[in-house]
Amino acid sequence: MIRSTMLVVVAAALVATAPAEAQKRQRDRISREEILESAHRTYDLYQVVRSLRPRFLEPPPGVRSFGNSSAASTPVAVYVDGKRDIGIEALKLIDPQRVEEVRYFDPERANAEFGQIAANGAIVVKLARGTVRAAGAPVKADSTRPPR
């Protein structure tokens, strides 16, 4: 009886930690599902990120500016489908419903991936298949052609 009770307790503990582990792994990623469930999904991607993961938009901890420090004034880099964009302002031009995922790279990882230009971190946006960025705004690819 004691053994079966212990087994139930251990199994319950393992089940309870699984969602916590999944959530911990997702702290640097916003999935399409999260975006589409967000109350801000009808606005722009900046508003979605600000509501779901505001720390993506903040300078990294420990960065302080004394006078004219270039490290503190360098913004978080933004990459959309692998191409560097204008910065945080680029998120305001993206329709969140066309986004597959948003990832945040901490300064160390961003510096390793993208170089010194991303020394304060990076936000990497992956658009959903079939969407492209044209003139600063996402549009559906071949939207003038009827589907086959």
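**Warm-up.** Is Arg-103 buried, exposed or partly exposed? With a relative accessibility of 32%, Arg-103 counts as partly exposed; buried means under 20% relative accessible area, exposed over 50%, and partly exposed in between (1.4 Å probe, protein chains only).

Some ground rules. This is a predicted model, where local features need pLDDT of at least 70, side-chain atom pairs count only at pLDDT 80 or more, and totals for chains, interfaces and linings use all residues. Residues are numbered from 1 along each chain as its sequence is written, and side-chain values use heavy atoms, leaving out hydrogens and water.

**Exercise 1.** Find where the confidence is lowest and where it is highest.

*Solution.*
- Start with the average: the protein has a pLDDT of 77 (the predictor's confidence in each residue, from 0 to 100), and 62% of the residues score at least 70.
- Now go to the extremes: strand β7 (residues 137-140) is lowest at a mean of 42, while strand β4 (residues 99-105) is highest at 97. Strands are DSSP E runs of at least two residues, and helices are H or I runs of at least four, numbered from the N terminus.
- Then a caution: where pLDDT is low, don't read the predicted coordinates in detail.

**Exercise 2.** Work out which strands flank β2 and how each one pairs with it.

*Solution.*
- Lay out the open sheet of 5 strands: its order is β1-β4-β5-β2-β3, with mixed pairing. Two strands pair if DSSP finds at least two bridges between them.
- On one side, β2 and β5 run parallel over 4 bridges, and Tyr-79 has Val-124 as its bridge partner in β5.
- With β3, the pairing is antiparallel over 2 bridges; here the partner of Tyr-79 is Arg-84.
- Check the faces of β2: Ala-77 and Tyr-79 are buried on one side, Val-78 and Val-80 on the other.
- Look at the turn, too: the β2-β3 hairpin has 2 residues between the strands, and Asp-81 takes a positive phi near 50 degrees.

**Exercise 3.** Trace the salt-bridge network that includes Arg-103.

*Solution.*
- Pick up the direct partner: Arg-103 and Glu-101 meet in a salt bridge at 3.0 Å, N to O. The cut-off is a side-chain nitrogen of Lys or Arg within 4 Å of a carboxyl oxygen of Asp or Glu.
- Compare the burial: Glu-101 is buried at 12%, whereas Arg-103 is partly exposed at 32%.
- Add the third member: Arg-29 joins Glu-101 and Arg-103 in the network.
- Place Arg-29 on the sheet: this residue stands opposite Arg-103 in β4.
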